Amino acid sequence: PHIVVVGAGGVGCWLAALLATASQRNPNLARVSFVARGRALESLRDHGLRFTVKDPDGADQTISVEPGNLNAAPSCAALAEAGDKADYVILGVKTWQVADAAKDAALVLREGGGCIVTTQNGVSAPYDVQAACPGVPLLAGVAKVIAFRDDTQGGPLNAVRMAGAIPDVLMVGEMEATSSAPSQRTALLRAILKEAGVTSKDPEDENMLRELWRKAVMMCSMGPVCALARADVNTVVRTPRTSDMLLAAMQEVAELSKHFEGAYVGDGVAERTLGYLKTTVTPGGCPSTCRDIVCGRPSEIREFSGTLVKMGQEKGVP
């Protein structure tokens with residue numbers, strides 16, 4: 001199978017590095033292409049990709065992918081124009097870019113077999129794909145990883161994943177599962193990810209909608225609250241006022257999930273999530289939403305909080 005990773009941010013670099021390295025060890029596993037733009041594309045073509053796993057104990061690991069071992073392209077349309085077809089197109093772009101990226105991805109999908117895979121935080125990405133490309137096969141994904149681009153170094157495209165208490169997980173599955181067993185395309189992608197070293201946990205009862213909302217309880221609250229406080233997660237959860245604010249936001253998201261069939265996250269999820277953060281986070285861990293605000297870049301707060309507010313209004317939830 002041919003896997004195309006779109007977007008040279010933290011998640012895209014993480015997946016491209018592991019998949020490309022695994023395909024070098026086992027050429028029959030998958031063929032990997034990486035869609036990037038601008039300086040990121042130039043770095044990939046000229047110097048390759050360097051992905052560093054930062055260990056809290058100092059035992060860092062670095063994965064290097066040489067330019068000749070990763071097919072870098074400016075767009076899925078460019079791959080299609082070259083006669084290429086993809087079995088999976090994994091979208092690692094920001095949430096507001098999903099619709100345009102999906103339209104581009106649809107151009108390279110293998111007819112009758114290719115599908116788009118979302119990885120974004122929040123709950124809107126799968127719906128954005130369906131609205132932009134009606135009828136295009138789709139797998140919903142939940143990425144649990146702290147990874148980001150590091151543009152402070154020259155040479156290869158550099159990215160970093162923070163190891164430690166937060167696992168590196170990509171959970172994938174059908175957005176509208178019809179059975180408790182994974183579909184064939186889901187099972188194949190999970191197997192490829194596993195061999196590449198990506199943990200791919202199976203969603204409970206193959207219900208990806210619930211998994212999207214479970215992560216939204218954390219990320220659609222933690223990201224905006226950290227951005228508002230201009231503080232890392234550790235500071236937010238250990239400061240009473242911001243910790244209370246975070247819990248209230250999580251409770252709102254959990255309550256809203258009750259109003260969508262199959263999405264309810266369960267009782268006490270907000271409290272357990274906050275407890276988990278208090279026992280696992282270490283100083284310095286910061287959601288991309290906060291990093292973007294601090295660095296003056298566009299953030300996904302509108303797509304996170306704004307989308308939930310709109311969904312609540314549509315359901316009559318204050």
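In this predicted model, Arg302 is exposed, with a relative accessible area of 63%. Its salt-bridge partner is Glu303, and the closest N and O atoms of the two residues lie 3.3 Å apart. Glu303 itself counts as buried, because its relative accessibility of 11% falls under the 20% limit. This bridge therefore brings together an exposed arginine and a buried glutamate. Elsewhere, salt bridges with shared partners join Lys94, Asp292, Arg297 and Glu300 into one network.

Lys94, a member of that network, is found in the loop between β6 (88-91) and α4 (98-106). With a relative accessibility of 24%, Lys94 counts as partly exposed. Computed along the chain is one thing and across space another, so to speak, for Lys94 and Val129: 35 residues separate them in sequence, and their C-alpha atoms are 13 Å apart.In total, the structure holds 14 salt bridges. One of them is formed by the side chains of Arg185 and Glu174, with a distance of 2.8 Å from N to O. Arg185 belongs to helix α6 (residues 184-195) and Glu174 to strand β11 (residues 169-174), so this bridge ties together parts of the chain that are eleven residues apart in sequence. The two partners fall into separate accessibility classes: Arg185 is partly exposed at 27%, whereas Glu174 is buried at 15%.

Helix α6 also takes part in a second such contact, in which the side chains of Asp202 and Arg190 meet in a salt bridge at 3.1 Å, N to O. Here Arg190 sits in helix α6 and Asp202 in the loop between α6 and α7 (208-229), a link between distant parts of the chain, twelve residues apart. Asp202 counts as exposed, with 52% relative accessibility. Arg190, on the other hand, counts as buried, with 8% relative accessibility.

Strand β11, which holds Glu174, is also part of a sheet. Seven strands make up this open sheet, in the order β5-β2-β1-β6-β7-β8-β11, and their pairing is mixed. At the edges are β5 (71-73) and β11, each of which pairs on one side only. From one strand to the next, the twist averages 25 degrees. Within the sheet, strand β1 (residues 2-6) and strand β2 (residues 31-35) run parallel and are joined by five bridges. One of the residue pairs here is Ile3 with Val32, its bridge partner in β2.

Further along the strand order, strand β7 (residues 115-118) runs parallel to β8, and two bridges join them. Val117 stands opposite Leu139 in β8. Strand β8 (residues 138-144) is mostly covered, with six of its seven residues buried.

Another open sheet is built from four strands in the order β4-β3-β10-β9, again with mixed pairing. Its edge strands are β4 (61-65) and β9 (147-149), and each pairs on one side only. The twist in this sheet averages 20 degrees from one strand to the next. Strand β9 and strand β10 (residues 157-162) run antiparallel, with three bridges between them. Ala147 has Arg161 as its bridge partner in β10.

Turning to open space in the model, the second largest pocket has a volume of about 350 Å³. Its lining consists of 15 residues, of which Glu252, Val253, Ser305, Leu308 and Val309 are the closest to the centre of the pocket. The elements that give two or more residues to this lining are α7, α9 (240-257) and α12 (301-314). By residue class, the lining of the second largest pocket divides into nine nonpolar, four polar and two charged residues.

Methods:
Residues numbered from 1 in each chain as written. Predicted model: local features only at pLDDT ≥ 70, side-chain atom pairs only at ≥ 80, totals over all residues. Heavy atoms only, no water. Salt bridge = Lys/Arg side-chain N within 4 Å of Asp/Glu carboxyl O. Buried < 20%, exposed > 50% of the residue type's maximum accessible area, 1.4 Å probe, protein only. 1 Å grid on protein atoms, 1.4 Å probe; cavity = no way out; pocket = protein on both sides within 12 Å on 5 of 7 lines; lining within 4 Å. Points joined across faces, edges and corners; volume = space filled by probe spheres on them. Nonpolar A, V, L, I, M, F, W, Y, C, P; charged D, E, K, R; others polar. Pairing = 2+ DSSP bridges. Axes fitted to C-alpha atoms, helices over the stretch in contact; angles between N-to-C directions.
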